[in-house]
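Here are some short exercises to work through with the model open beside you. Try each task before reading its solution.

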Amino acid sequence: MNATRWLSLTGFVLWLGKTGQCVVDETEKGWYITYIDRDPETIARQEKMAKKQKMDKDDEERLQEFIEKQVERGKKDEEIAGSSTGGGEFVRENEEEKIKLKINLAGTSKKEAIFKKPALLTKRPAEDSGSAEKRSKREKEARRISALDDIIKTEESRKERTNRKDYWLKEGIIVKIVSKSLAEGKVYKEKAVVQEVIDKYRAKVKLLETGKKLEVHQDDVETVIPQIGKEILVLNGAYRGSKAVLKSLQEDDYSVTIEISEGPLTGRQVDRVRYEDISKLY
């Protein structure tokens with residue numbers, strides 16, 4: 001540090017952090033600095049990206065509002081259908097009309113009875129009409145649900161494209177260390193909880209067994225699949241950032257089936273989610 005006003009490299013690093021030129025972080029391996037790019041083109045690009053993310057969020061909120069309105073409309077239709085349909089008793093048109101029997105005592109023992117036409121037969125057309133009405137309502141409900149599923153699938157495809165990233169670390173998830181070079185291989189295959197995400201690709205973790213803290217790159221770790229019925233966090237894809245419950249495993253294609261447990265799509269099952277797109281929550 002000759003010919004400078006700093007007596008040591010540490011002092012220079014601290015000065016960079018205080019003046020806002022770099023992000024400074026002290027780790028077990030020493031000082032780690034990240035340069036803050038204040039180039040006008042970079043700032044403009046970041047603002048453009050933030051604007052795009054806001055537009056995507058607005059689209060998602062509009063979709064959620066539309067889905068909620070569709071659900072409310074379906075409930076109202078069911079209430080109206082339930083109040084407009086009702087059953088009625090079959091009543092004889094003439095209670096005083098008698099049943100006539102003609103008995104021939106001199107001849108054979110045959111009995112001839114003349115009955116009034118049953119009221120049930122006169123009511124048959126109304127009953128058929130009611131069945132047709134119910135069937136029509138069921139078909140309309142099925143079409144409504146099908147249309148809603150199509151909307152959700154279309155939105156899932158759009159979100160899959162926008163939310164699929166090359167980074168996935170999130171605070172609060174359990175990961176397994178798969179790097180043999182980390183800590184000289186002493187922590188290989190140990191599990192840890194992510195306590196802090198430093199940037200998109202690096203994080204500070206705490207080993208579950210010993211409590212030791214490390215700084216890792218996402219290539220040093222892998223996701224952990226819990227037991228069926230346990231809660232997980234979606235790390236990538238259409239439902240990135242959503243909490244869900246693990247429902248089943250498909251070991252043949254290394255995928256799982258999950259059920260979303262929060263938000264307007266709570267209860268929706270999603271199939272064929274990759275192993276690396278989810279991880280166990282701490």
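**Warm-up: the whole chain**

This is a predicted model, and among contacts in the protein chain between residues at least 6 apart in sequence, 45% join residues at least 24 apart.

**Exercise 1.** Find how many helices and strands the protein chain has.

*Solution.* Going through the secondary structure of the protein chain gives three helices and 14 strands.

**Exercise 2.** Work out what share of the residues in the protein chain is buried, and what share of the exposed area carbon and sulfur atoms supply.

*Solution.* Begin with the cut-off: a residue is buried when its relative accessible area is under 20%. Of the 282 residues in the protein chain, 25% are buried. Next, turn to the surface: the protein chain exposes about 20600 Å², and 51% of that comes from carbon and sulfur atoms.

**Exercise 3.** Place Ala 183, describe its phi, and decide whether it is buried, partly exposed or exposed.

*Solution.* First, locate Ala 183: it sits in the loop that links β5 (174-177) to β6 (191-197). Second, read the backbone: phi of Ala 183 is positive, at about 55°, although the residue is not a glycine. For context, most residues other than glycine have a negative phi. Third, classify Ala 183: its relative accessible area is 25%, so it is partly exposed.

**Exercise 4.** Do the analysis again for Lys 189: where does it lie, what is its phi, and is it buried or exposed?

*Solution.* Lys 189 lies in the loop between β5 and β6. Its phi is near 70°, a positive value in a residue other than glycine. To classify Lys 189, recall that exposed means over 50% relative accessible area. Lys 189 has 55%, so it is exposed.

Conventions:
Residues numbered from 1 in each chain as written. Predicted model: local features only at pLDDT ≥ 70, side-chain atom pairs only at ≥ 80, totals over all residues. Heavy atoms only, no water. Helix = DSSP H or I, 4+ residues; strand = E, 2+ residues; numbered from the N terminus. Buried < 20%, exposed > 50% of the residue type's maximum accessible area, 1.4 Å probe, protein only. Contact = heavy atoms within 4.5 Å. Areas by Shrake-Rupley, 256 points an atom, 1.4 Å probe, with all protein chains shown as cover.
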